[in-house]
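Dear colleague,

I am passing on the structure we spoke about, with some notes on what turned up in it. Please read them with the model open beside you.

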Amino acid sequence: MSRKLTSPVVIATHNPGKLKEMRDLLAPYGIATQSAGELGLAEPEETGKTFAANARIKAVAAASASGTAAFADDSGLVVDALDGEPGIHSARWAGPDKDFRAAMNRIQTLLIERGARTPEQRRAHFVAVLCLAWPDGHIEEFEGRVDGVAVWPPRGDKGFGYDPLFRPDGFDRTFGEMNTEEKHGLPPQGQGLSHRARAFIKLAEACFTRA
């Protein structure tokens, strides 16, 4: 049986873009948060082979270090024609300077090298796994996915990471062209469109009580 979460919770990220999205998602539930970055917690090495494994590493490390429940995400862009890359290496492709423009250029170069020019040849999806971990070792995990196309050139300056490169199915705009409410607003106001929102809806149903 899933465990209900009460305040406070540590958001196990040092990424300001992810932190903002997570706080936006948590806001309706009245959950008080601090981030791993704000608490000065070290970033654990992400040695997992899957999104779920890496989310678990981050959540467990933050819960152990803080003595309170921790909430972590691991997510990335999976491009079919690139055999699933960058996948769990999505952040690493941007390098230590978090240069996602360079990472998007790399994706485009590799797709052209493989002759992937049409939308059908440039299928991609975003995956997010959310993990809640408690200091006593209890863990809850939830996955969300959204399918779409890797477009070129990138469009939009909203969001973060690979958002300008990704156009979700059923839309004519990229995540980089969508505002916060459009991308990950939760029902009934929003559609819960993004991979992170879809995972969060599952998590909220299991572990949260709306404030």
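Helix α2 has a buried set made up of Phe-51, Ala-53, Asn-54, Ala-55, Lys-58, Ala-59, Ala-62 and Ala-63, where buried means under 20% relative accessible area, exposed means over 50% and partly exposed lies in between, with a 1.4 Å probe and protein chains only. Helices here are DSSP runs of H or I with at least four residues and strands are runs of E with at least two, numbered from the N terminus. An α-helix has 3.6 residues a turn, so residues three or four places apart point the same way. The buried residues of α2 pack against β1, α1, β3 and β4, with contact taken as heavy atoms within 4.5 Å. With its 16 residues, α2 reaches 23 Å from first C-alpha to last, close to the 22 Å expected at 1.5 Å a residue, the expected span being 1.5 Å times one less than the number of residues.

Before going further, please note that this is a predicted model, in which local features need pLDDT of at least 70 and side-chain atom pairs count only at pLDDT 80 or more, whereas totals for chains, interfaces and linings use all residues. Residues are numbered from 1 along each chain as its sequence is written, and side-chain values use heavy atoms, with hydrogens and water left out.

After α2 comes Gly-67, with a positive phi near 75°, and Thr-68 is found in the loop between α2 (51-66) and β3 (70-79). Thr-68 counts as buried because its relative accessible area is 19%. A polar atom of the Thr-68 side chain lies 3.3 Å from the backbone oxygen of Pro-8; a polar contact is a pair of N or O atoms within 3.5 Å, where within protein one must be able to donate a hydrogen and the other to accept it, and residues adjacent in sequence count only if both atoms are side-chain atoms. Leaving aside residues up to four places away in sequence, Thr-68 touches Pro-8, Val-10, Ala-63, Ala-133 and Pro-135.

Pro-8 itself lies in the segment before β1 and is joined to Ser-7 by a cis peptide bond with omega of about -5°. The bond from Trp-152 to Pro-153 is also cis, with omega near 0°, and Pro-153 has its place in the loop between β5 (139-150) and β6.

Turning to the interior, the largest nonpolar core has 24 residues, and those with the most contacts inside it are Val-9, Leu-26, Phe-71, Leu-132, Phe-200, Leu-203 and Phe-208. Such a core is a set of buried Ala, Val, Leu, Ile, Met, Phe, Trp, Tyr and Cys residues joined through side-chain atoms within 4.5 Å. At least two residues of this core come from each of β1 (9-11), α1 (16-26), β4 and α6 (195-207), and α6 gives the most, with seven residues. Apart from this core lies another, of 21 residues, among them Ala-103, Val-146, Tyr-162 and Met-178.

The count of aromatic pairs comes to eight, with rings of Phe, Tyr and Trp (its six-membered ring) pairing if their centres lie within 6.5 Å, and with planes under 30 degrees apart called stacked, over 60 edge-to-face and the rest tilted. One of them is the edge-to-face pair of Phe-126 and Phe-166, at 4.8 Å centre to centre and 65° between the planes. This pair links distant parts of the chain, since Phe-126 is in strand β4 (residues 123-133) and Phe-166 in strand β6 (residues 166-168), 40 residues apart. The rings of Phe-166 and Phe-175 have their centres 5.3 Å apart and their planes at 55°, so this pair is tilted. Phe-126 is buried at 5% relative accessibility, Phe-166 is buried at 0%, and Phe-175 is buried at 0%. Tyr-29, Phe-71, Phe-200 and Phe-208 form one aromatic cluster.

Two arginines are also worth finding on screen. The charged end of Arg-3 sits over the ring of Trp-134, 5.0 Å from its centre, and that of Arg-106 sits over the ring of Trp-93, 3.8 Å from its centre; the rule asks for NZ of Lys or CZ of Arg within 6 Å of the ring centre and within 35 degrees of the ring normal.

With regards
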